[in-house]
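Notebook open, structure loaded. I want to go through it piece by piece and jot down what I find.

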Amino acid sequence: MIQFKNVTKSYRLGQHRKVVLDRASFEIPTGRSMAVIGRNGAGKSSLLRLIAGSSLPDSGRIRRNGLRVSWPLGFAGSFHGALSGRENVRFACRIYGESIKAVSEYVEAFAELGEHFDMPVSTYSSGMKARLAFGLSMAMEFDVYLVDEITSVGDKIFRERCEEAFAHRRRIADVIMVSHSVSTIKKFCDFGCVLENGGIEFYDSVGDAVVAYEGKL
Amino acid sequence: MALVLREMRTRFGQSQIGYAWAMSEPMVHILALTLIATALQRRPAIGDSTEVFMFCGILPFLLVRNISTKTAVAVSSNGPLLTYPLVKPVDTFLARILLETLTMMVSAVLTGLIFLAIGIDVWPDDSLNYLIAFAVSVLLGAGIGVASAVVISVFSAWRTVLGWLFRVLYFTSGVFVVIDDLPPGARDILALNPLAHCVVWFHTAQFEEYNSLILDKSYVILWGAGLLTFGFTAERALRRWTQDK
């Protein structure tokens with residue numbers, strides 16, 4: 001389980017400060033997958049970054065209790081534009097201590113980038129980047145996958161392949177997912193939370209969370 | 001370590017020319033400065049080879065400049081890689097310091113070997129002292145680089161200032177004049193510049209007969225260590241505010 005203790009997080013938005021969490025304490029259980037729902041700018045992506053550890057809270061503590069948590073898979077991407085897809089994969093393998101050969105082969109087959117795999121990532125379309133990111137994270141074994149909108153990109157065939165790979169992974173791992181697509185989160189997640197005005201509320205089913213969220217609109 | 005390898009892929013551009021330039025940079029500077037000095041019919045200020053004198057000056061200058069300017073922009077040029085929670089800004093600093101140090105070491109050795117091959121004796125009189133001067137220059141470069149990286153995260157204009165600063169320092173660090181030979185007024189002002197001490201330190205290690213009045217070893221070490229401490233401390237303090245830009 002991932003524990004948030006008295007966590008405050010805000011970010012700058014022009015002249016204002018936007019509060020994502022205001023002294024929030026909660027636990028995210030393992031064994032179930034969670035959907036994060038909230039308005040644009042409510043801080044859904046920031047929450048994922050906090051869970052991943054790529055961003056630090058202003059105050060408070062976050063404990064991951066030894067869980068292997070992925071980086072947030074999102075549009076912004078974790079790839080260096082000047083390096084090729086293959087080199088980016090190699091870099092990720094080195095920092096996560098994975099086998100370069102096994103992961104590269106998996107990603108090459110999964111992402112179907114063809115010759116683009118050896119071209120700089122800056123030449124990729126956002127769909128190609130998403131395929132690379134998704135393939136890379138699926139090749140590595142995490143306990144918790146953090147997914148930021150990424151499943152809704154790509155063509156139908158690719159989406160189906162993602163779902164298949166995901167379904168396989170989900171038997172042993174959890175997903176924490178941000179998505180505006182209700183059908184996507186209903187498919188992947190068991191429960192949900194709504195992020196609003198610095199507070200977070202949990203709901204036992206994704207349906208309840210969606211209803212609660214829509215009621216607030 | 002992964003970052004060092006990843007940096008190597010982009011440090012030199014996508015082509016062989018990048019490596020060639022990184023390796024020959026000291027040589028190009030030395031040749032240009034030697035040509036100018038010869039055209040002006042200047043005798044080397046110390047020793048009897050203009051090339052060796054220039055080598056001693058250009059080596060610490062390029063070392064400090066390259067480490068500083070590359071480390072200062074380490075975070076922005078690694079941008080998206082910081083999405084991986086395992087990659088911290090400090091790691092990108094260390095990777096760049098290490099890579100620039102290694103690059104300059106290799107290119108300095110190559111330059112030295114070329115000089116030896118064509119019969120110019122570049123072997124320093126006091127080689128241990130020479131290595132210490134090298135290490136202290138790395139310290140100073142790392143200090144300026146890390147401190148600048150933090151300043152840039154708050155005032156991005158510092159990046160441009162730093163570039164100009166090194167253009168000025170090229171002329172004021174005693175790379176091609178001996179600061180000891182200047183009038184006392186000018187000498188004392190130029191001696192405030194820690195990089196000048198690195199250059200003089202190299203000169204004293206290279207030429208046994210040269211004793212500098214201005215060289216203050218603890219002064220330059222203090223600058224390097226002080227800036228490095230400031231940089232790392234400020235990075236820690238500002239981490240929460242700067243990372244989410």
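**Entry 1: a loop residue in chain A.** I started with A:Ile172, which I found in the loop between α5 (156-170) and β6 (174-178) of chain A. Worth keeping in mind throughout: this is a predicted model. Is A:Ile172 buried or exposed? I got 9 C-beta neighbours inside 10 Å for A:Ile172, so it counts as exposed; the cut-off for that is 12 or fewer. I also checked its distance to A:Asp143, which sits 29 residues away along the chain: the C-alpha atoms of the two are separated by 7.2 Å.

**Entry 2: the strand after that loop.** Next I looked at β6(A). Five of its five residues are buried, so β6(A) is largely enclosed by the rest of the structure. I then split the strand by face. A:Asp174, A:Ile176 and A:Val178 lie on one side, A:Val175 and A:Met177 on the other, and both faces are covered.

Which strands pair with β6(A)? I noted strand β3 (residues 34-38) of chain A, which pairs with β6(A) in the parallel sense over three bridges. Here A:Val36 has A:Val178 as its bridge partner. I also noted strand β5 (residues 144-148) of chain A, which runs parallel to β6(A) and is joined to it by five bridges. On that side I found A:Val147 opposite A:Met177.

**Entry 3: the hairpin in chain A.** I went to strand β1 (residues 2-13) and strand β2 (residues 16-28) of chain A, which run antiparallel and are joined by nine bridges. A:Ile2 stands opposite A:Ile28 of β2(A). The hairpin has two residues between the strands, and I looked up the backbone there: A:Gly14 takes a positive phi near 65 degrees.

**Entry 4: two helices in chain B.** Over to chain B, where I took helix α3 (residues 50-72) and helix α9 (residues 194-206). Their axes come within 9 Å and cross at roughly 140 degrees. I call α3(B) and α9(B) oblique to each other, because roughly antiparallel needs an angle over 145 degrees. The crossing of α3(B) past α9(B) is right-handed. Among the residues making this contact I listed B:Val52, B:Leu59 and B:Phe61 from α3(B), with B:Leu195, B:Val199 and B:Phe202 from α9(B). By class I have 10 nonpolar, three polar and no charged residues in the contact of α3(B) with α9(B).

**Entry 5: α3(B) again, with another partner.** I then set α3(B) against helix α7 (residues 158-172) of chain B. The axes come within 11 Å and cross at roughly 175 degrees. That makes α3(B) roughly antiparallel to α7(B). From α3(B), the contact uses B:Phe61, B:Arg65, B:Ser68, B:Thr69 and B:Ala72; from α7(B), it uses B:Arg159, B:Leu162, B:Gly163, B:Phe166 and B:Tyr170. I sorted the residues of the contact of α3(B) with α7(B) into five nonpolar, three polar and two charged. B:Phe61 is on my list for α9(B) and on the one for α7(B) too.

**Entry 6: where the chains meet.** Last, I looked at the contact between chains A and B. How many residues does each chain put in? I have 21 residues from chain A and 16 residues from chain B. On the chain A side, helix α2 (residues 85-96) gives the most, with five residues. By class, that side of chain A has 12 nonpolar, six polar and three charged residues.

Terms used: Residues are numbered from 1 along each chain as its sequence is written. Chains are lettered from A and ligands numbered from 1 in the order in which they are written. This is a predicted model: local features need pLDDT of at least 70, side-chain atom pairs count only at pLDDT 80 or more; totals for chains, interfaces and linings use all residues. Two residues are in contact if their C-beta atoms, placed from the backbone, lie within 7 Å. Helices (H or I, at least four residues) and strands (E, at least two) are DSSP runs, numbered from the N terminus. Ala, Val, Leu, Ile, Met, Phe, Trp, Tyr, Cys and Pro count as nonpolar, Asp, Glu, Lys and Arg as charged, and the others, Gly among them, as polar. Axes are lines fitted to C-alpha atoms, for helices over the stretch in contact, and angles run from 0 to 180 degrees between N-to-C directions. Angles under 35 degrees count as roughly parallel, over 145 as roughly antiparallel, 65 to 115 as roughly perpendicular and the rest as oblique. A crossing is left-handed if the near helix is turned anticlockwise from the far one by less than a right angle, and right-handed if clockwise. A residue is buried if 20 or more other C-beta atoms lie within 10 Å of its own, exposed if 12 or fewer, and partly exposed in between; C-beta atoms are placed from the backbone. Two strands pair if DSSP finds at least two bridges between them.
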